[in-house]
Amino acid sequence: MGIGLNAQFASGNAATAFSAQILEPLIFASGVGELTPGLATDWELSDDALTLTLNLREGVTWHDGEPFTAEDVKFNFEEIVPLAIMGAEITKRLTTVEIIDDHTVAMKLSDPLGPILEVISEQYMLPKHLYEGTDFVTNEANYAGIIGTGPMKFGEYNPGVEIVLVKNPDYWDGESQVDRAYFVQMADENTRQEALFAGELDETLVAASALERIRDSEQTDFRRTGYFPGIMPVFFNTRSEYLSDPAVRRAIFASFDRDAMVDKAMYGIGGQTATGFMPDAWDWAASEEVDFAEDFPRDLDAINAALDEAGFPVGADGKRFTLRIRYIQSVDDLAATVDIMQSQLAEVGIGVELLGTTSQVYLEGVYDTFDYDIGVTTQRLGPEPSVGMMRWFTCNPDDRTNANSTGVCDSEIDEAAALALSTTDRDERAEHYKRLQERAAELMYYAPLFWNLNADPSINTTNWTDAEPKEFRERLSWTTMQPVD
């Protein structure tokens, strides 16, 4: 099984969907970033924002029967979180974790971290007694079955077939109404879709080509709550001889008819055209000075003129230059979007070489060898702009995976992102985010094409009711969902 399904170490939809049923954070974050108690019942941040005191839930046990205590929390934040994808900002500032008693901890910071609660909501707690003194990433606990505190626990793993979860009869928030849940491995898109329509699957991800059928069937529906916003972004490798000039990147972004992408690649159902950098869930942070429709109109005459002025006239072969677009070929929605991009770029004299590969080759090409000009991918954001989005804009000198790979390091953007992190006042954070967006529009190196509504699964409604994720994103409501008679 490996760490690929332990979301504290691994990213991706599959890891999160699996871990959210088994593991828990101290604070739950809903799909729109609303915070509620998780393994912590309440918390208090000091006036100087340098001490966060968390009161832990009593009577909670790990799936192997050991008690969950303050020792686990201290161990996680000192040892596990520094390795986590979303742990960097808190690790930079954390000086100590003081144990007040078995169910109270005080986290001491060197500097304020504005969205500290949101960052904590992204940290799944792992049991100290199974990880202490081991190599956390290769620990057998990642292979023999992840141990958490959630309503479902690991049952068995049949390689290439399924992972089985069983209910946790000792869950602190009530007993699961589901005895066993099967996470079935089905690589073939058509097989998954037909299994969903037949009621053999309760939920799955489908290609956008199936969305009209999902919408029109009485047995199926879209899941629209309980998930962080999905995004289909484009990003530019500014090391490329053709893309070093922001004016060229802006012209290329303007050449993309994003409405057409939603209508054709996403069938008008699975996407919402992005008019700015922020999704609706973060409207409080969106800059009114950025409007993609006004800032990047698809005026082909103006786009062609801008490319001519930048020193890239159309050659005898009818092309200005050729760009390599890298994407993961197995993701049907990506492949359909890239095909449309290819035809739209041709209208302004830009040739395209499609580099559709496996996810591993994609990651190597983007982060190791920088062998691409344009990248297109699908991502999920987080509970707050600093937790899930800023890493795609800020400088990435160490070329970390799942962060900005474009080569852009801009002091104005980095300063705005740092200032947003430093204040607990959301209105102040919003002002810094707005300044960042305005600069990002000038540089144009990473931007959403559309919000990917099809990042959320489709469901069959004939077997269960009230299964929508609520307080904790991507977790089904195991304790309240009911079988259909």
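**Why is it called that? Helices, a cavity and a pocket**

Me: What makes the crossing of helix 8 and helix 11 left-handed?
Reply: The rule is that the near helix is turned anticlockwise from the far one by less than a right angle, with clockwise counting as right-handed. Helix 8 and helix 11 fit the left-handed case. Keep in mind that this is a predicted model, where local features need pLDDT of at least 70, side-chain atom pairs count only at pLDDT 80 or more, and totals for chains, interfaces and linings use all residues. Numbering starts from 1 along each chain as its sequence is written, and side-chain values use heavy atoms, leaving out hydrogens and water.

Me: Why is the pair of helix 8 and helix 11 called roughly antiparallel?
Reply: The axes of helix 8 (residues 246-255) and helix 11 (residues 300-309) cross at roughly 155° and come within 9 Å. Angles over 145 degrees get that name (under 35 is roughly parallel, 65 to 115 roughly perpendicular, the rest oblique), so helix 8 and helix 11 are roughly antiparallel.

Me: Which residues make the contact of helix 8 with helix 11?
Reply: Helix 8 brings Val248, Ala251, Ala254 and Ser255, while helix 11 brings Ile303, Ala306 and Leu307. Contact here means heavy atoms within 4.5 Å.

Me: How do you know how that contact splits by class?
Reply: Val, Ala, Ile and Leu count as nonpolar, and Ser falls among the polar ones. That gives six nonpolar, one polar and no charged residues.

Me: Why is the pair of helix 9 and helix 12 called oblique?
Reply: Helix 9 (residues 258-265) and helix 12 (residues 332-346) have axes that come within 10 Å and cross at roughly 135°. That angle is in none of the named ranges, so it counts with the rest, and helix 9 and helix 12 are therefore oblique. Their crossing is right-handed. Met261 and Lys264 of helix 9 are among the contact residues, as are Ile340 and Gln344 of helix 12.

Me: What makes the cavity a cavity?
Reply: On a 1 Å grid over the protein atoms alone, a 1.4 Å probe fits there but cannot get out; a pocket is open, with protein on both sides within 12 Å along at least five of seven lines. The structure has one cavity of 30 Å³ or more. The largest cavity has a volume of about 30 Å³, that being the space filled by probe spheres on grid points joined across faces, edges and corners.

Me: What makes a residue part of the lining of the largest cavity?
Reply: An atom within 4 Å of a point does it. Phe235, Tyr367, Trp392 and Asn404 are among the residues lining the largest cavity.

Notes:
Axes fitted to C-alpha atoms, helices over the stretch in contact; angles between N-to-C directions. Helix = DSSP H or I, 4+ residues; strand = E, 2+ residues; numbered from the N terminus.
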